[in-house]
Amino acid sequence: LLPGLMWLQQGEGGGGLRHTCEQGDGLSRYGWLLHDGESFGVQEIEDGRLSLTTEFVKRPGGEHGGDWSWRVTARSKDTGGPAPLLSLFFYVATDGQGTLEPHLENGTRLAAVTGATEELGRFTLTFLHPTAGSGEGTKFASYHCLDTPSPGLQRLSELVLRSLRGRFVFTPPGGPRRRFFGVDNAAAALLDSAPHGRLLLHQVTLEPPATLEVTFESGSVAERPARLAGRALAEALAEHVAAFERRFEETFGLGRKGFSAPERRFAQAALSEMLGGVGYFQGHSLLRSPLQEHPVPGPETALFTAVPSRSFFPRGFLWDEGFHQLLLGRWDAELSREVIAHWLDLMNAEGWIPREQILGEEARAKVPPEFVLQDSETANPPTLLLALERLLPEAPLPFLRRLFPRLRAWYEWFHQTQAGPVPHSFRWRGRDAELERFLNPKTLASGLDDYPRASHPSADERHLDLRCWMALAARVLGAVAERLGEPAEAFQATERALSDNALLEQHHWAPELGAFADFGNHSAAVELRWQPVAPAAPGQPPAPPRLLREVREAPRPRFVGALGYVSLFPLLLQLLRPDSPRLPAVLDAVRSERQLWSPFGLRSLARDSRLYGRPNTAQDPPYWRGAVWVNINFLALRALRGYAEAEGPQQERAARIYRELRHNLISNLFRQYSQSGFLWEHYSDSTGRGQGCHPFAGWSALVVLVMAEDY
């Protein structure tokens with residue numbers, strides 16, 4: 001069952017229809033302010049003159065999850081003229097199975113929908129009359145209804161847009177007559193698409209302010225105290241808000257730490273937006289395998305997961321999810337265990353998990369074609385193990401027993417497919433092969449995309465970050481094995497080898513850089529240059545100019561001269577001993593304003609690096625080449641806190657850097673949220689401004705744990 005909401009501020013010719021979260025819509029603010037991940041939520045949306053508040057409450061009962069109620073409150077900001085009419089479109093659709101039956105009033109108002117699905121049993125959806133906002137008295141509105149085959153969720157916006165006709169007149173008693181766009185069943189039939197089910201849509205057109213409520217009542221609830229609407233809904237919402245605020249303070253203690261009320265509301269919104277983005281996805285991925293000549297569809301699968309961004313990345317990403325679960329596991333460990341189990345259930349027989357979950361037609365409609373295929377030789381950092389390590393002390397043994405065979409298969413897949421050229425080294429597979437296109441071929445598998453690696457990908461590369469991830473994997477697998485009474489020595493031996501500081505230095509310490517680094521076939525003399533265009537043949541248009549890579553010095557086996565996030569991984573994952581003679585140099589780079597330190601957090605690539613701020617192609621702006629990313633800053637803070645608490649010559653210095661970095665990161669994220677209304681994908685290292693997609697309540701929401709000092 002797919003219920004949803006669209007809206008249209010009339011007078012815009014139908015082109016301003018809002019439905020899915022799109023960055024291009026230019027909304028000034030939207031997001032969940034409160035959401036507990038289970039029972040209630042409050043969301044605010046600012047769309048030009050229009051302010052919408054959407055709220056829901058779930059009341060358990062019966063055999064199918066109980067009753068739900070939604071309340072939508074619309075207000076119009078006073079800008080001196082008459083407020084435009086507002087149309088709200090509440091819809092409900094089936095997707096492949098289930099039945100719906102409309103119940104009309106006066107032939108045009110959809111008063112209720114009864115139906116049944118396999119998961120929900122029988123139910124009734126009721127659309128209550130709008131009120132003026134105070135809960136008293138019905139507000140005048142015009143009503144239209146759409147009853148049509150559903151073309152699939154990814155085409156609902158198109159269907160509604162094509163069904164709108166501007167021949168309707170709003171005639172309130174004693175008020176001016178105004179034309180508006182309403183849905184027309186005859187127009188909806190023009191959409192040529194194979195039906196996926198049935199769509200029923202309820203259009204309410206009115207003058208804000210107004211409040212509308214929708215109730216979902218499960219047929220298996222035998223005795224309900226009263227309909228969850230009106231005063232009962234308001235009281236239930238107030239109780240949930242109070243309970244959320246108590247639980248939030250008990251969990252994170254931000255009030256006790258002295259954070260102001262606006263700062264606490266910011267943290268609540270960050271957590272809530274992540275929880276509000278948790279979804280259930282179903283479908284199959286498109287896979288590329290060395291065993292198949294052409295791409296093949298993967299098996300039909302389901303995934304319960306958080307997402308990085310509702311607007312731009314509304315799907316599961318493997319390495320993002322481990323960071324998400326660090327926060328969600330602190331809020332609701334059971335929820336987090338369920339998500340982790342879902343991800344591990346995606347594993348194929350070899351132990352591979354696709355790094356990006358593009359499941360079904362709706363998901364594929366949001367992804368550029370070049371990113372749809374998932375390659376079965378391409379890995380992604382096993383960050384789920386970060387979250388699992390946090391959950392391990394309280395994790396039930398049956399949960400761990402279910403996970404352990406999958407964890408072991410995943411671990412072995414990494415060792416078999418991502419091994420490096422010498423023992424205890426590792427290499428990301430799947431780097432970009434079209435060398436002439438890229439200033440530095442991307443390494444999407446690492447999660448760090450365009451971060452500078454060896455200029456000429458080869459089998460001789462040794463990737464520092466992957467080695468450190470595998471040390472973490474060995475440590476966590478060993479701990480899980482011990483909890484279960486399984487043999488743990490092989491994991492522990494691998495952890496000792498990968499954590500051996502002397503071997504780490506031998507493989508990855510670059511004396512000329514004074515830092516840890518990758519090793520590979522590398523040339524530092526690489527540039528992008530516009531290539532001259534050959535004259536066009538008579539009567540033919542000239543060929544477009546091409547920006548191609550030029551190598552002015554032949555590559556040779558050497559350490560890669562890039563100081564940045566990868567250089568920090570022995571610190572980030574705390575492989576360096578507190579008394580390591582290399583720790584002072586690493587801390588020097590962290591605190592150097594010429595290198596990684598900025599007033600807003602640690603930048604991803606040193607300012608004095610040759611590729612700092614450089615685009616990778618004419619179309620690829622710099623991504624991991626200077627910007628401040630919250631997930632890596634979180635790992636840095638976690639590590640600095642660890643070194644500050646461990647005896648060693650750098651203990652006091654680590655504590656001082658920790659305090660400064662924590663202050664800088666929190667201050668900037670709060671300031672940018674206050675100014676823009678959003679968390680962002682990453683932040684400028686020169687101005688602190690949010691960059692990339694928004695809202696990005698994926699790993700940027702880890703600021704909540706930073707505020708709580710809960711690592």
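N106 is exposed in this predicted model, with a relative accessible area of 76%. Its place is the loop between β7 (99-105) and β8 (109-117). Although N106 is not a glycine, its phi is positive, at about 55°. The points below go from backbone details to strands and then to helix pairs.

**Positive phi outside glycine**

- N106 has a counterpart in E709, which is likewise not a glycine and has a positive phi of about 55°.
- E709 lies in the segment after α17.
- The relative accessible area of E709 is 24%, so this residue counts as partly exposed; the partly exposed class begins where the buried class, under 20%, ends.

**Cis peptide bonds**

- The bond that leads from P208 to P209 is cis, and its omega is near 5°.
- P208 sits in the loop between β13 (197-206) and β14 (210-218), and P209 is found in the loop between β13 and β14 as well.
- A cis peptide bond also joins H694 to P695, with omega near -10°.
- P695 belongs to the loop between β31 (690-691) and α17 (703-708).

**Surroundings of P208**

- Is P208 buried or exposed? P208 is buried, because its relative accessible area is 13% and the limit for buried is under 20%.
- Leaving aside residues up to four places away in sequence, P208 touches A74, R75, S76, P84, L86 and K139.
- K77 is 131 residues from P208 along the chain, yet the C-alpha atoms of the two are separated by 9.5 Å.

**Strand β13 and its partners**

- β13 is the strand that comes before the loop holding P208.
- Of the 10 residues of β13, eight are buried, so the strand is largely enclosed by the rest of the structure.
- β13 runs antiparallel to β6 (residues 86-93), and eight bridges join the two strands.
- In the pairing with β6, F90 stands opposite H202 of β13.
- L86, one of the residues that P208 touches, falls within the residue range of β6.
- β10 (residues 142-150) is joined to β13 by nine bridges, again in the antiparallel sense.
- L146 has L201 as its bridge partner in β13.
- As a rule, the strands of a sheet pair through backbone hydrogen bonds, in a parallel or an antiparallel arrangement.

**A three-stranded open sheet**

- Three strands, in the order β17-β16-β21, make up an open sheet with mixed pairing.
- Its edge strands, β17 (296-297) and β21 (374-375), each pair on one side only.
- Strand β16 (residues 286-288) pairs with β21 in the parallel sense, over two bridges.
- L287 has Q374 of β21 opposite it.

**Helices α14 and α16**

- How are α14 and α16 oriented relative to each other? The two helices pack at an angle of about 20°, so α14 is roughly parallel to α16; angles under 35 degrees fall in that class.
- α14 covers residues 583-591 and α16 covers residues 651-676, and their axes are 11 Å apart.
- The crossing of α14 past α16 is left-handed.
- On the α14 side the contact is made by P584, L587, D588, V590 and R591, and on the α16 side by R653, I657 and E660.
- Sorted by class, the contact of α14 with α16 has four nonpolar residues, four charged residues and no polar ones.

**Helices α5 and α6**

- α5 (residues 318-331) and α6 (residues 333-344) have axes 7 Å apart and pack at an angle of about 160°.
- That angle makes α5 roughly antiparallel to α6, because angles over 145 degrees are classed in this way.
- α5 passes α6 in a left-handed crossing.
- L318, E321, Q325, L328, G329 and W331 are the residues of α5 that meet α6.
- From α6 come A333, S336, V339, I340 and W343.
- Which classes of residue make up the contact of α5 with α6? The contact has seven nonpolar, three polar and one charged residues.

Conventions
Residues are numbered from 1 along each chain as its sequence is written. This is a predicted model: local features need pLDDT of at least 70, side-chain atom pairs count only at pLDDT 80 or more; totals for chains, interfaces and linings use all residues. Side-chain values use heavy atoms; hydrogens and water are left out. Helices (H or I, at least four residues) and strands (E, at least two) are DSSP runs, numbered from the N terminus. Buried means under 20% relative accessible area, exposed over 50%, partly exposed in between (1.4 Å probe, protein chains only). Contact means heavy atoms within 4.5 Å. Two strands pair if DSSP finds at least two bridges between them. Axes are lines fitted to C-alpha atoms, for helices over the stretch in contact, and angles run from 0 to 180 degrees between N-to-C directions. Angles under 35 degrees count as roughly parallel, over 145 as roughly antiparallel, 65 to 115 as roughly perpendicular and the rest as oblique. A crossing is left-handed if the near helix is turned anticlockwise from the far one by less than a right angle, and right-handed if clockwise. Ala, Val, Leu, Ile, Met, Phe, Trp, Tyr, Cys and Pro count as nonpolar, Asp, Glu, Lys and Arg as charged, and the others, Gly among them, as polar.
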